[in-house]
Amino acid sequence: MEDDYYMSCEDESYYDEEEEEDNDGENMETDIMAIGESETRFEVSSTKVISRESLLAAQRGDVQKVMDVLSLKEYHSRTLLIHYRWDVDKVLAVYVERGKEFLYEKAGVTMAEHGTSQLSSSVMCDICMDEIPANKVTVMDCNHCFCNECWTEHFIVKINEGQSRRIKCMAYKCNAVCDEGIIRNLVTARDPNLAEKFDRFLLESYIEDNKKVKWCPSVPHCGNAIRIEDDELIEVECACGNQFCFRCLCEAHSPCSCQIWEQWLKSLVDESQSVKYIAVHTKPCPKCGKVVEKNGGCNLVGCICGQPFCWLCGAATGFTHTNQSIEGHECGRFKEEEVANLEQTKKDLIRYNHYFNRYQAHKVSLKVEATLKQTVQKKIYDLQENLSSAEDYNWVIKALDRLFRSRRIVMCSYPFAYHMFGDLLKEEMTKQQRMIKQNLFEDQQQHLEASMEKLSMFTQEPFEEYSEKKLSELKRRMMDLSTLVDNLCLKLFECIEYDLLGKLQFSGHLHRVVSYNPNGVEKASEIRGI
């Protein structure tokens with residue numbers, strides 16, 4: 001039952017036709033990421049946190065907008081929004097451009113008046129073919145009439161199949177969506193728990209079908225969702241403190257694009273790097289195929305199956321050898337292709353380790369500096385509590401916030417460089433162009449990294465022991481360095497966005513990156529429940 005709350009089993013095939021129209025090209029640890037955002041923000045957040053309590057309020061807000069403009073009932077308005085994936089602007093645009101009749105027809109909304117008072121005392125149900133009293137039949141907005149038992153069975157089947165968001169009339173080729181109030185009443189009489197499931201699916205449709213709303217990917221799940229207003233290429237912070245990319249739901253990874261970050265994560269868990277190590281340092285036995293690692297200087301090696309073979313070429317041999325040769329074997333002829341493949345494998349492994357080691361080092365530094373911030377905050381609290389100083393130490397906290405944001409950026413810049421100047425985009429750049437771009441990027445990266453490390457060094461100073469003069473000098477240096485690091489972060493993003501990705505003919509638009517935000521990841525504000 002708990003799983004139903006987070007991900008319903010609704011049928012996604014309904015939206016396949018709409019995707020062709022609407023698709024516009026879309027296809028470390030949380031506690032550390034959240035630390036660097038204590039700096040005061042003056043702008044109003046464009047992203048909203050939707051909690052369990054505020055989900056109904058958020059949905060009703062959009063439903064009410066459509067009700068007010070089109071003068072519709074609540075369930076008609078919700079049917080329109082579900083059809084158009086909760087895009088209020090699109091509903092109103094279709095209404096203006098194509099008219100009300102087209103809008104309603106596409107969404108399965110019918111406005112015909114109906115009532116059982118016009119029926120005779122008994123009605124034949126076209127489903128069960130029984131004569132049913134008029135008070136035990138139901139007429140939908142489309143004027144199709146069936147007995148309550150048949151309607152109820154139809155609704156139960158559809159809800160259990162995961163189609164509760166758009167249950168259509170049973171009549172042949174009728175596209176009308178059934179009144180959710182009637183569905184609720186009939187199903188409640190038979191199975192109240194199933195009726196609650198129906199209501200939950202309708203409510204969660206606001207998240208499951210809405211391109212501007214996604215569940216927070218925190219583990220364990222916090223139960224919140226995030227709603228954006230504009231571009232989905234944005235990094236947001238949930239009320240639970242989890243920071244993530246709204247587009248791909250991975251941890252915040254700028255300046256990497258979502259595609260590059262996906263490739264990097266794959267390389268971290270993929271066995272390909274282990275395979276490269278095996279290719280460089282081991283050989284397969286020519287008899288049983290087991291992998292053998294050489295632990296001595298002799299090139300005649302033996303497998304546990306008893307088969308001796310030549311380490312140089314991997315071919316099976318005899319059991320003895322002299323100083324000059326191995327019995328029954330010679331492989332002195334040079335094979336350039338095999339050597340070239342082996343050398344390339346070694347180069348690939350060395351290159352991967354270069355970027356991975358630096359990425360990992362900065363990731364560890366984030367953890368260490370998280371502890372540092374807690375220590376610094378305790379120092380400041382003790383100083384103020386003991387009234388030993390009237391000094392405002394907010395500049396220390398701001399410097400630490402700047403350090404955390406820049407550390408994450410530098411950390412993610414290594415995966416970016418690994419793929420940017422590797423095989424991912426090699427078809428779009430000549431070797432010379434790649435070298436020029438790489439030098440340009442690495443100059444910016446190293447300048448930022450050096451300044452960031454200097455700022456990190458200053459944050460570890462025992463400022464609580466300093467004299468007023470020395471403290472003033474430390475404050476000036478840290479504030480200057482914070483400004484410098486901020487400017488260098490901006491330059492690095494501009495270099496990536498304009499000088500590197502922006503000039504790619506084919507892949508530039510596929511590898512868009514989040515624009516630099518000096519205040520860090522945008523913290524979503526909460527929607528109040530009703």
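**Notebook: cavity, cores, sheet and local backbone**

I sorted the lining of the largest cavity by class and obtained 8 nonpolar, 2 polar and 2 charged residues. I note at the outset that the model is predicted.

**Entry 1. The cavity.** I looked up the volume of the largest cavity, which is about 70 Å³. Its lining consists of Tyr-75, Thr-79, Ile-82, Ser-164, Arg-165, Ile-167, Val-177, Cys-178, Glu-180, Ile-183, Phe-198 and Leu-202. I then asked which elements give two or more residues to this lining. They are helix H5 (74-83), helix H9 (180-190) and helix H10 (192-208). H5 gives the most, with 3 residues.

**Entry 2. The nonpolar cores.** I recorded 56 residues in the largest nonpolar core. Those with the most contacts inside it are Ile-50, Val-66, Leu-70, Leu-80, Leu-103, Trp-151 and Phe-155. Another core, of 54 residues, lies apart from it and includes Cys-256, Leu-366, Tyr-393 and Ile-409. As background, I noted that nonpolar side chains tend to be buried together in soluble globular proteins.

I followed Phe-155 further. Leaving aside neighbours within four places in sequence, Phe-155 is in contact with Met-140, Ile-167, Cys-178, Ile-183, Leu-186 and Val-187. Among these partners, Ile-167, Cys-178 and Ile-183 also appear in the lining of the largest cavity.

**Entry 3. His-362.** I located His-362 in helix H13 (residues 336-385). Is His-362 buried or exposed? Its relative accessibility is 4%, so His-362 counts as buried, the cut-off for that class being under 20%. Not counting residues up to four places away in sequence, His-362 touches Arg-407, Val-410, Met-411, Tyr-414, Glu-449, Met-452 and Glu-453.

**Entry 4. A sheet of 3 strands.** I traced an open sheet with the order E9-E8-E14 and mixed pairing. Strand E9 (243-245) and strand E14 (522-523) stand at the edges. Each has a single partner strand, so one side of each is left without a neighbour in the sheet. I checked the pairing of strand E8 (residues 235-237) with E14 and found it parallel, over 2 bridges. Within this pair, Val-236 stands opposite Glu-522 of E14.

**Entry 5. The loop between E2 and E3.** I placed Cys-128 in the loop between strand E2 (122-124) and strand E3 (131-133). Cys-128 is partly exposed, at a relative accessible area of 29%. Which residues does Cys-128 contact, leaving aside neighbours within four places in sequence? They are Cys-147 and Cys-150. Cys-128 and Cys-150 are 22 residues apart along the chain, and their C-alpha atoms are separated by 7.2 Å.

Met-129 belongs to the loop between E2 and E3 as well. Although Met-129 is not a glycine, I read a positive phi of about 60° there.

**Entry 6. Further backbone checks.** I found a positive phi of about 60° also at Lys-173, again not a glycine. Lys-173 lies in the loop between helix H8 (148-160) and H9. With a relative accessible area of 72%, Lys-173 is exposed.

I then listed two cis peptide bonds. The bond from Val-219 to Pro-220 is cis, with omega near -5°, and Pro-220 is found in the loop between strand E6 (213-215) and strand E7 (225-227). The bond from Ser-254 to Pro-255 is cis, with omega near 15°. Pro-255 is in the loop between E9 and helix H11 (258-269); E9 is also an edge strand of the sheet in Entry 4.

Terms used. Residues numbered from 1 in each chain as written. Predicted model: local features only at pLDDT ≥ 70, side-chain atom pairs only at ≥ 80, totals over all residues. Heavy atoms only, no water. Buried < 20%, exposed > 50% of the residue type's maximum accessible area, 1.4 Å probe, protein only. Contact = heavy atoms within 4.5 Å. Core = buried A, V, L, I, M, F, W, Y, C linked by side-chain atoms within 4.5 Å. Pairing = 2+ DSSP bridges. 1 Å grid on protein atoms, 1.4 Å probe; cavity = no way out; pocket = protein on both sides within 12 Å on 5 of 7 lines; lining within 4 Å. Points joined across faces, edges and corners; volume = space filled by probe spheres on them. Nonpolar A, V, L, I, M, F, W, Y, C, P; charged D, E, K, R; others polar.
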